[in-house]
Every structure is written in C-alpha cells, then in structure tokens.
Amino acid sequence: MKSEILALLREGMGRENAQGGSQEYISGQELCSRFGVSRTAIWKVMNQLKEEGYEIEAVQNKGYRLKASPDVMGENEIQSRFANRGEGHWAGCRLMYFPETGSTNIDAKKAAEEGAPEGTLVVTDCQNTGRGRRGRSWSSPRGCNLYFTLLLRPDCKPEQACMLTLVMALAAAEAVAELGVAAGIKWPNDIVAHGKKVCGILTEMSAEPDYIHYVVIGCGINVNQMDFPEEIRATATSLALEKGERITRSALLLSIMEHFEKAYDTFQETWDLTALLPAYHSYLLNKDARVRVLDPKGEFCGTARGINKTGELLVEKEDGELTRVYAGEVSVRGIYGYV
Ligand code: BTN
C-alpha cells in the first residue's frame, strides 16, 4: 500500500516541482476508499513516508500533498515511480531492491539461474564487492549513486548479445543528456563528462555456442557523489558535480529504463545496431578523434571514425587503412587523455 500511496501522491501532479514534489492534494477520504482502510491507517503510512525523508503536507479539507521528494532510494520509491509509467513497460517488471549487497550483477545472475523473467531489475544503494570490467572493482559507496543490473533473455546469437552493452550505453547517455549534463560515450560503453567517467557498464552472459540462457547488464552511475577516493579522483566525476545540483536517482533510473526499452525494441528489429547508429554516433566522444588502440597484438594510433553496425570501432590508421577494433580484445585511449 505504501508504494501505491506514494504513486498516487505523485500522480495527477502534472509535472514534478523542482524538489520532486506535487502541486496537487489528494484527499484522505479518497485514499481510505481506494484502499478500504481507516483514516488512521492512511495517517500511519504518511508518517512512515515522512520518516523515510518525504516531505508531506497535510491540509484540512484538502488532503495530502507531496511537497518534496528528496533523493531517497528504496523499494517504495522505485515501485511508485514505475507504477506511474502506464501500460506496456517491461524493464523492471520484477524489482529486487537491496539496501546493500555484494554486486547486483551476481544477484541478477543468481535470479536468472532460478528462472527470473526478462526485465527483472536488481537495484541497490551500496555494493560491497562492486565489479568493473577486466576484473577491476567498482567503487560503490552508500547513499549517493545508482547501481543496477537488468536481466534479459534475448532470442539472438551470443555474438549479437555483446552489442547490448552499447545499447545500454546509449540509453544511459540519452537519460543523462535529458538532465542537461554535457556527457558523451567513450567507446564502447563508458559515459564521460569533461574527460572523466560518470558511468560504467558490465555485461555478462550465460550461453551455449548458439543459445543464450541470459544476459545481465550492470550499470554503475556516479550520481550525487561529491568526493572520490584518491586513486580515481583524476578520472572519475559525478552528474551532480557536473550539473551543480543533486539529482533524484530513482527518476534517473526510470528514465534509463524507458530509453533502454525503446532502444532494445529498435535493436531487436535487426539484432544489430543499424538503426541506432545515428543516435549512438551523436553521443560518441571518440568520433573523428585521435586514439591509441591498446591491442595486445601491438599498439597503434589512428583516427576513430565511428562504429559499424556490430559495434566495432572503425579506426583509420596513419596509412589510410580502416581497421575494425573489437571491444572485447582491446582498450582505446585518447592521445592526450582518457577519451
Ligand atoms: C566498468 O568497469 O566500467 C563497469 C562498471 C560496472 C559497475 C556496475 S554497478 C552495478 C553492477 N554491479 C556490479 O558489480 N557491477 C555493475
């Protein structure tokens, strides 16, 4: 009932005000009849919500109004936002929220092994063993960032599913752009603002040579973190630092899920990136930039010309030859820095 009441407080408000609050009141009587409970029961829920950090105004003869919804994370907060989406949404159809966990990718893989459906979304407020690409760790402090993993069961070949990491990068870039933060994609899937990373994506798959059991796409976004450990201070930033104001994580999560659903629909038409190329290229920071390709078979420099429909980076070497660089094998760095 709590997440439904929260959804109702948000519903009908037209646009959220700057504090994530509502302009309209919902009467206590209406809530009582909707849920078939007493006024005291509704009053208790309102008090619980206040304790969780929501600012709720109660005015006689008008009812309750959500004055401000600070950056709270939790099952009620996320469910209430997802409940207001309308019909036809599937990303987040099953929500698994943990106040704290090891790694949402590990949780999602376990859920997948136990038969969880496509669209299952694992979200946490803090990871103790957050994992990054290439065996690195992902710093995951409590109370400020987004850490989530989406479970998919795509009906395609394993090599096609590798492109899903770029599809998520596009969705995240679109959602971040809507916040008014100037950020772009560093191929294949880092979101970068002013040369520093704000988001990383780790995609893992369980498959046989020609059959995919499941894919999990884990996404870590530095949202409201204001300071970073010494070892990543030079290369990491957050959306709040870039924008100069705090961002509501649950709203950003919802936005990413909506962008992902659209991009995934497009992706499924051809099971490649053909129709997503213009959008992906519009965010690609390495496009027409000088890059150094750290290929284990031999490093080389060139100019990145964009990606092809399978997500490989096209790099024009000094002699004019166009080479295709596959993300799984190599890293790409800018000549003068990270991008
Ligand atoms: C990278 O190295 O750039 C990828 C980082 C991915 C981090 C996210 S946070 C949510 C999910 N759970 C993890 O353990 N890792 C991913």
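**Entry 1. Ligand contacts**

I take a polar contact to be a pair of N or O atoms within 3.5 Å. The model I am reading is predicted.

I began with the residues around the ligand. Its surroundings consist of 19 residues, and the closest are Ser 103, Gln 127, Arg 131, Arg 133 and Lys 197. I then looked up individual distances for three of these residues. For Lys 197, I find a polar side-chain atom 2.6 Å from an oxygen atom of the ligand. Ser 103 likewise places a polar side-chain atom by a ligand oxygen, at 2.7 Å. With Gln 127 the partner is a nitrogen atom of the ligand, and the distance from the polar side-chain atom is 2.9 Å.

I next looked up how much of the ligand the protein covers. On its own the ligand has 410 Å² of accessible area, of which the protein covers 98%. I also noted which elements give two or more residues to the shell around the ligand: α5 (104-113), β5 (146-152), β8 (196-208) and β9 (211-221). Which of the elements gives the most to this shell? I find that it is β8, with 4 residues. Sorted by class, the shell holds 10 polar, 5 nonpolar and 4 charged residues.

**Entry 2. Strands β6, β7 and β8**

I turned to strand β7, residues 190-193, and asked which way its side chains point. Asp 190 and Val 192 point one way, Ile 191 and Ala 193 point the other way, and all of them are buried.

I then followed the pairing of β7 with β6, residues 184-186. The two strands run antiparallel and are joined by 3 bridges. They form a hairpin, with 3 residues between the strands. Within this pair, I see Ile 185 opposite Ile 191 of β7.

The loop between β6 and β7 contains Pro 188. I checked the peptide bond that leads into this proline from Trp 187, and I find it cis, with omega near 0 degrees.

I also looked up the pairing of β7 with β8, which is antiparallel and has 3 bridges. Here Ile 191 stands opposite Cys 199 of β8. Ile 191 therefore has a facing residue noted in β6 as well as in β8, given that strands are paired through DSSP bridges. The hairpin of β7 and β8 has 2 residues between the strands, and in it His 194 takes a positive phi near 45 degrees.

**Entry 3. Thr 120 and Thr 149**

I looked up Thr 120, which lies in strand β4, residues 120-124. Is Thr 120 buried or exposed? I record it as buried, because its relative accessible area is 1% and the cut-off for buried is under 20%. A polar atom of the Thr 120 side chain lies 2.7 Å from the backbone oxygen of Pro 117. Beyond residues up to four places away in sequence, Thr 120 touches Cys 93, Arg 94, Met 96, Thr 149, Leu 150 and Leu 151.

One of those contacts, Thr 149, was my next stop. Thr 149 belongs to strand β5. It is buried, with a relative accessible area of 0%. With which side chain does the side chain of Thr 149 make a polar contact? I find that the partner is the side chain of Asn 105, at 2.6 Å. Apart from neighbours within four places in sequence, the residues in contact with Thr 149 include Thr 104, Asn 105 and Ala 108, then Thr 120, Leu 121 and Val 122, and also Val 216, Ile 217 and Gly 218. As a separate check, I took the C-alpha distance from Thr 149 to Gly 92: the two are 57 residues apart in sequence and 9.9 Å apart in space.

**Entry 4. Positive phi outside glycine**

I closed with two residues that have a positive phi although neither is a glycine. For Trp 271 the angle is about 55 degrees. This residue is found in the loop between α9 (249-270) and α10 (277-283). Its relative accessibility is 18%, so I count Trp 271 as buried.

For Asp 288 phi is about 60 degrees. Its place is in the loop between α10 and β10 (290-294). Is Asp 288 buried or partly exposed? I enter it as partly exposed, because its relative accessibility is 46%.

Technical notes. Residues are numbered from 1 along each chain as its sequence is written. This is a predicted model: local features need pLDDT of at least 70, side-chain atom pairs count only at pLDDT 80 or more; totals for chains, interfaces and linings use all residues. Side-chain values use heavy atoms; hydrogens and water are left out. A residue is near a molecule or strand if one of its heavy atoms lies within 4 Å of it. A polar contact is a pair of N or O atoms within 3.5 Å; within protein, one must be able to donate a hydrogen and the other to accept it, and residues adjacent in sequence count only if both atoms are side-chain atoms. Accessible areas come from the Shrake-Rupley method with a 1.4 Å probe; for residues, only the protein chains shown count as cover. Ala, Val, Leu, Ile, Met, Phe, Trp, Tyr, Cys and Pro count as nonpolar, Asp, Glu, Lys and Arg as charged, and the others, Gly among them, as polar. Buried means under 20% relative accessible area, exposed over 50%, partly exposed in between (1.4 Å probe, protein chains only). Contact means heavy atoms within 4.5 Å.
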